[in-house]
Amino acid sequence: MPHCSLRRTALAWATVAALLPLTAAAQAPAKLKVGLMLPYSGTYAALGTAIENGVRLYVAEQGGKLGGREIEYFKVDDESDPAKATDNVNKLVKRDQVDVLIGTVHSGVVAAMAKAAKDTGTMLIVPNAGAGVVTGPMCAPHIFRSSFSNWQPAYAMGEVAAKKGHKTVVTITHKYAAGDESVGGFKEAFEKGGGKVVKELSLPFPNVEFQALLTEIAAAKPDAVYTFFAGAGAVKFVKDYAGAGLKKNIPLYGPGFLTDGTLEAQGADADGLLTTLHYGDSLDTPRDKAFRLAYAKAYKLQPDVYAVQGYDAAQILGIGLVATRGDITKKAEFAAAVEKATIDSPRGAFKLSKAHNPVQDIYLRQVIGKENKVIGVASKALADPARGCKV
Ligand code: PHB
């Protein structure tokens, strides 16, 4: 039956033709679009760059691919400006149609990112901003954080300050979610330990006119000062605190953002400061040494906590993509893989909590020369309370 066999042949060819593009696609899947929303200008510019460096280093170590997908970057400078955050995240989600968002640094900006992630179902990995809302009321199966919550290093420092026997503390910070939550975490532990926060000072982000507030601290004569500043704000605050003559009389404590990535600029004014953080410069583990060497080789710079958080954001993405064989739309599979994974971080291995925030050791560090030297563990495997998260 020649007619019939002709039809069969034609059909077979049609099938082959239909399969061809698929086969080609299977060999070279589309690139995975990663949207980096970070500050590249302003007070936190250096933090954004370090995070991007960390992300790129991990991806480069995997040969430029995660889960078989080549990575393509789309970048937006969010300027750490909450007023522009929704427009900025829409540039990545709607205009560039990215598959995953990585960002950001500023707690007031990340809230808009979490909202966009929830509204559109886009995967979000937060490589810094500690806002409680991200792994609290807005927690979601497709939202992850590779860094910390504002509460974590602050709570650990509250315990340290109380154990040192300090009774009165004045706090000073930029007035926004990160500063407020940091002071809240410190106060919770410090007052539980028998201390009292006697005054809470603040100034609007990103102002750095500290003089009037330093005069108030001198007049209040507390046993110690607790502060949250980061990036360029931290550089100026540490210098001004010493310049006002306060450093020699009133110990200054804070989460390690105060002295991370800032020591070159702070010079001797940072000497001896005690801070708490989930990373330090002298961990001396094979994992950290390898990371620091690779980072220094790639960027001719020493890494800091922000670089580690970027690196680990890429690790989290990689774990999810390997498990889904590159199909990031398989969100449940992605989340299940990340939830059961141990992240092999330069800071020390950690797992994510149910709310997707790292459960991690908080180190006590002291500035010695140009290093944040780890001198102990302030709080072992500290988990954020994830207040308001329903998962
Ligand atoms: C924040 O806004 O959450 C924030 C910013 C800079 C830091 C830490 C936290 O170093």
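1. Start with the overall layout. The centres of domain 1 and domain 2, taken over C-alpha atoms, are separated by 28 Å. Keep in mind that this is a predicted model. The domain assignment gives domain 1 as 32-148 + 282-356. Domain 2 is 151-277.

2. Next, the contact between the domains. On the domain 1 side, 14 residues take part. They are in contact with 16 residues of domain 2.

3. Where does the ligand sit? The largest cavity holds the ligand. Both domains supply its surroundings: domain 1 and domain 2 each give at least three residues to the shell around the ligand.

4. Now the shell itself. There are 16 residues around the ligand. S107, G130, Y176, A230 and Y306 come nearest. By class, eleven residues of the shell are nonpolar and five are polar. No charged residues appear in the shell.

5. Which residues place a polar side-chain atom 2.6 Å from an oxygen atom of the ligand? S107 does so. Y176 does so too. Each of these residues is also listed among those that come nearest to the ligand. V105 contributes through its backbone: a polar backbone atom of V105 is 3.3 Å from an oxygen atom of the ligand.

6. How much of the ligand's exposed area does the protein bury? Taken alone, the ligand exposes 280 Å². The protein buries 100% of that area. Read this together with the location of the ligand in the largest cavity.

Terms used
Residues numbered from 1 in each chain as written. Predicted model: local features only at pLDDT ≥ 70, side-chain atom pairs only at ≥ 80, totals over all residues. Heavy atoms only, no water. Near = heavy atom within 4 Å. Polar contact = N/O pair within 3.5 Å; in protein donor to acceptor, adjacent residues only side chain to side chain. Areas by Shrake-Rupley, 256 points an atom, 1.4 Å probe, with all protein chains shown as cover. 1 Å grid on protein atoms, 1.4 Å probe; cavity = no way out; pocket = protein on both sides within 12 Å on 5 of 7 lines; lining within 4 Å. Sits in = over half its atoms within 2 Å of the grid points. Nonpolar A, V, L, I, M, F, W, Y, C, P; charged D, E, K, R; others polar. Domains from an automatic or database assignment. Contact = heavy atoms within 4.5 Å.
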